[in-house]
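Colleague: I'm new to this one. Can you pull it up and walk me through it?

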Amino acid sequence: MEVKTEMTNNVMCLLTDPEGNPLGAPMYLPQNAGPQQLQQIVNKLLNNGEKLPYAFYISDQELLVALGTYLEKHKGHKNWVLCIAWSPDGKHLVSGSKAGELQCWDPETGKPSGNPLTGHKKWITGISWEPIHLNSPSRRFVSSSKDGDARIWDITLRKSVICLSGHTLAVTCVKWGGDGVIYTGSQDCTIKVWETTQGKLIRELKGHAHWVNSLALSTEYVLRTGAFDHTGKQYSSPEEMKKVALERYHKMKGNAPERLVSGSDDFTMFLWEPAVSKHPKTRMTGHQQLVNHVYFSPDGQWVASASFDKSVKLWNGKTGKFVAAFRGHVGPVYQISWSADSRLLLSGSKDSTLKVWDIRTQKLKQDLPGHADEVFAVDWSPDGEKVASGGKDKVLKLWMG
């Protein structure tokens, strides 16, 4: 039996037999429903003339109480999980839900690390960790929310330490930059830049005529992977990890400033150098519909964009100049992801397919059908070995390189 809650009153349940075969479609049940009510439902679904007794299990544990009581006792999300992020030292995982709660997890055990973190009033739209070259071991991350705020959390103190307030509409995306500042994109058409000791607004980036949907940093790959590279080397201390991460960051960045790209509902993108100017370096036009996702290649040479116009576009990561359009999807493209060597680009679409594009030839390299419905999320593992995808068919697929 699988369980999740919708708002506060009902619990979505999927009843299955011991082999995992569903007994009908998922259904909403009141939180005060318990084994007795579930027995009545099963007997009705199976058209049992004679009422038979049944036992119910969630994660191999027998349900002996009401569903709401079970959910309170077994900490976890009580609504849809909307985003998830690994800490750059690999020691923590944080997920954000439609209920506005954030949950820390222990990746070793798969169990929650304490109670959910509360503070946001609406759902979570993004999570980004403080880079490990600034602070090791990982302890702070930032979340953005539909409520118009972003919050910095400390996992050792287990609370929100700074609230970044200033946007007038929902915050749609958030990035913690390598220079120590936080970038937030919003439906109020602005991008705000914050310092992270007191949460003061230090710069506002204006130019978009509609919602900002996505932000990407030129240094994102090294910020995400920290001290870890393709060699798989392990580190004996947080200090050593911090030192190596700093070296990787400086090598990636060079003498140039960190670059930011924003994608919007106004069909355009902007390339910014926020440390240098509050004005965009370039306006990137060409999409015929909203830009849903933007992403720098790991080496910072390219920017890719996914749009509802069914195309993926490739741009020069330093100048913002248009390079190529990848066409082949027959539905809006939701998300993109790069291979670790920056040679291949992956896209997931409403058309239920994933496509792999070759950057050198600028052509389709591989088609990955297999999902029964829209593909919402794609990611390429940092070691380059695996691709993961998830979609409306409620299936998570893993593709081996």
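**A quick tour**

Colleague: Let's start near the end. Where is Ser342 found?

Modeller: Ser342 sits in the loop between β26 and β27 (344-349). Strands here are DSSP runs of E, at least two residues long, and helices are runs of H or I, at least four long, all numbered from the N terminus.

Colleague: Is this model from a prediction?

Modeller: Yes, it is a predicted model: local features need pLDDT of at least 70 and side-chain atom pairs pLDDT 80 or more, while totals for chains, interfaces and linings use all residues. Residues are numbered from 1 along each chain as its sequence is written, and side-chain values use heavy atoms, with hydrogens and water left out.

Colleague: Back to Ser342, then. Is it buried or exposed?

Modeller: Ser342 is buried, at a relative accessible area of 5%. Buried means under 20%, exposed over 50%, and partly exposed in between, with a 1.4 Å probe and protein chains only. Ser342 also has a positive phi, near 65°, and is a residue other than glycine.

Colleague: And Lys310? What is its phi near?

Modeller: Phi of Lys310 is near 80°, positive in a residue other than glycine. Lys310 belongs to the loop between β23 and β24. It counts as partly exposed, with 39% relative accessibility.

Colleague: How do β23 and β24 pair?

Modeller: Strand β23 (residues 302-307) and strand β24 (residues 311-316) are antiparallel, with five bridges. Strands pair if DSSP finds at least two bridges between them. One bridge links Ala306 to Val312 in β24.

Colleague: What order do the strands of that open sheet have?

Modeller: The order is β22-β23-β24-β25, four strands with antiparallel pairing. β22 (291-296) and β25 (322-327) are at the edges with a single partner strand each, so one side of each has no neighbour in the sheet. Neighbouring strands are turned by 20° against each other on average, direction ignored. Axes are lines fitted to C-alpha atoms, for helices over the stretch in contact, and angles run from 0 to 180 degrees between N-to-C directions.

Colleague: New topic. How many cavities of 30 Å³ or more are there?

Modeller: Two. A cavity is a set of points, on a 1 Å grid over the protein atoms alone, where a 1.4 Å probe fits but cannot get out; lining residues have an atom within 4 Å of a point. Points are joined across faces, edges and corners, and the volume is the space filled by probe spheres set on them. The largest cavity holds about 110 Å³.

Colleague: Which residues are closest to its centre?

Modeller: Tyr221, Arg224, Tyr295, Pro298 and Trp338, out of 13 lining residues. α3 (220-225), β22 and β26 (333-338) each give at least two residues to that lining. The largest share, three residues, is from α3.

Colleague: What about β20? Which way do its residues point?

Modeller: In strand β20 (residues 269-272), Met269 and Leu271 point one way, while Phe270 and Trp272 point the other way. All are buried.

Colleague: What is in the turn of the hairpin of β19 and β20?

Modeller: Four residues lie between the two strands, and Phe267 in the turn has a positive phi of about 75°. Strand β19 (residues 260-264) runs antiparallel to β20, joined by four bridges. Val261 is partnered with Leu271. β20 also has three bridges to strand β21 (residues 282-284), again antiparallel, with Phe270 bridged to Arg283.

Colleague: Now helix α1. Which of its residues are buried?

Modeller: Leu38, Val42 and Asn43, in α1 (residues 35-45). They cover an arc of only 135° around the axis, which puts them on the same side of α1. The arc is that of the directions from the helix axis to the C-beta atoms. Gln36, Gln40 and Lys44, on the other side, are exposed. Just after α1, Asn47 takes a positive phi of about 55°.

Colleague: Last one. What joins Ser136 and Pro137?

Modeller: A cis peptide bond, with omega about 0°. Pro137 is in the loop between β10 and β11 (140-145).

Terms used: On a 1 Å grid over the protein atoms alone, a cavity is a set of points where a 1.4 Å probe fits but cannot get out, and a pocket is an open set with protein on both sides within 12 Å along at least five of seven lines; lining residues have an atom within 4 Å of a point.
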